[in-house]
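Got your viewer open? Load the model and get ready to click through it one stop at a time.

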Amino acid sequence: MKALWQQIPSTEITKLYCNTNFDAIVLDLEHGVFNNETIFSLIQFINSNNKFSFVRVTEPSKSQIRFLLDSNVSGIIFSTLEIEQTTKIKEWCLYPPFGKRGQGLVSENNWGNDKLQVNKVKLVAQIENKESISQLSNIVETDLFDYYVLGPYDLTADLGCVADWENKKYLELIEKFNKQIPVEKRGVHIVSNVESEYKNKFKNYGFVALGMDSILIKSGIKNLESL
């Protein structure tokens with residue numbers, strides 16, 4: 001699955017993204033400035049264009065997760081996931097007997113017209129620091145997540161070697177990640193040097209997010225400035 005990353009709460013950016021051959025759009029609540037009404041509307045717009053709608057959240061919150069699930073989001077990405085959070089995520093995201101999510105007549109089930117109590121949301125663990133890597137085997141054992149998304153910049157920052165992709169400690173952590181996660185469940189967000197990084201390292205990953213709306217706009221402006 002290939003996705004585009006959106007930080008700016010603009011329906012026009014979402015519309016441009018939907019007019020591509022990408023499979024999904026990620027709305028980033030961690031570094032974006034979305035409100036609930038905008039998020040709800042963009043999820044409906046993405047879904048109606050036959051794309052997968054993913055939302056990245058900063059930390060698990062029952063009220064936020066409930067809102068996103070009711071909005072019929074396709075998937076939720078949990079930033080810097082820790083093993084202690086997985087029990088609550090399972091309770092809040094899955095219907096009984098697997099979890100404790102309550103039933104409502106909401107957008108997810110077409111306001112009661114569709115089959116109720118169906119677990120269909122994709123859950124994504126974002127692995128962004130050495131602690132998450134050390135906990136990875138326990139996270140995998142929960143059998144809760146569809147994808148495990150690397151956060152390379154944050155991972156190198158946590159090691160004190162920001163964007164040093166040849167750093168020995170960083171490469172060791174990536175090796176541990178690759179040994180525990182099958183390639184079809186691996187994910188990554190490539191912010192810059194997208195073409196080279198994607199083709200050389202991550203093309204076979206199950207979930208790959210390429211670029212970012214703010215970076216794409218900045219690079220377009222720089223190209224104009226060079227004229």
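Select Ile76 and show what surrounds it: beyond its neighbours within four places in sequence, Ile76 is in contact with Phe54, Val55, Val57, Ile65, Leu68, Leu69, Val121, Lys122, Leu123 and Val124 (contact means heavy atoms within 4.5 Å). Before you go on, note that this is a predicted model, where local features need pLDDT of at least 70 and side-chain atom pairs count only at pLDDT 80 or more, while totals for chains, interfaces and linings use all residues. Residues are numbered from 1 along each chain as its sequence is written, and side-chain values use heavy atoms, with hydrogens and water left out.

Now colour by secondary structure. Ile76 sits in strand β4, residues 75-78; helices (H or I, at least four residues) and strands (E, at least two) are DSSP runs numbered from the N terminus. Is Ile76 buried or exposed? It counts as buried, at 0% relative accessibility (buried is under 20% relative accessible area, exposed over 50%, partly exposed in between, with a 1.4 Å probe and protein chains only). Try a distance too: from Ile76 to Ile65, C-alpha to C-alpha, is 8.2 Å, and they are 11 residues apart in sequence.

**Next stop: the nonpolar cores**

Select Leu27, Ile76, Phe78, Phe145 and Phe177. Of the 50 residues in the largest nonpolar core, these touch the most other members. A nonpolar core is a set of buried Ala, Val, Leu, Ile, Met, Phe, Trp, Tyr and Cys residues joined through side-chain atoms within 4.5 Å. Zoom in on Phe145: leaving aside neighbours within four places in sequence, its contacts include Phe78, Leu81, Ile89 and Lys185. Another core lies apart from the largest one and has 12 residues, among them Tyr147, Val149, Phe207 and Met212.

**Next stop: charged pairs**

Side chains of opposite charge can pair when their charged atoms come close. How many salt bridges are there? The count is nine, taking a salt bridge as a side-chain nitrogen of Lys or Arg within 4 Å of a carboxyl oxygen of Asp or Glu.

Select Arg56 and Asp28, whose closest N and O atoms are 2.9 Å apart in a salt bridge. This pair links distant parts of the chain, with Arg56 in strand β3 (residues 52-57) and Asp28 in strand β2 (residues 24-28), 28 residues apart. Arg56 is buried, with a relative accessible area of 6%, and Asp28 is buried too, at 0%.

Add Glu30, which meets Arg56 in a salt bridge at 3.3 Å, N to O. Glu30 lies in the loop between β2 and α2 (36-48) and Arg56 in strand β3, so this pair ties together parts 26 residues apart in sequence. Glu30 is partly exposed, with a relative accessible area of 24%. Add Glu128 as well, and you have a network of salt bridges linking Asp28, Glu30, Arg56 and Glu128.

Then jump to Arg101 and Glu108, a salt bridge with closest N and O atoms 3.1 Å apart. Arg101 is buried at 8% relative accessible area, and Glu108 is buried at 9%.

**Last stop: a pocket**

Switch on the surface and find the largest pocket, with a volume of about 320 Å³. On a 1 Å grid over the protein atoms alone, a pocket is an open set of points where a 1.4 Å probe fits, with protein on both sides within 12 Å along at least five of seven lines; lining residues have an atom within 4 Å of a point. Grid points are joined across faces, edges and corners, and the volume is the space filled by probe spheres set on the points. Of the 21 lining residues, Pro152, Tyr170, Glu197, Lys201 and Phe202 are closest to the pocket's centre. Which element gives the largest share of the lining? Helix α8 does, with four residues.
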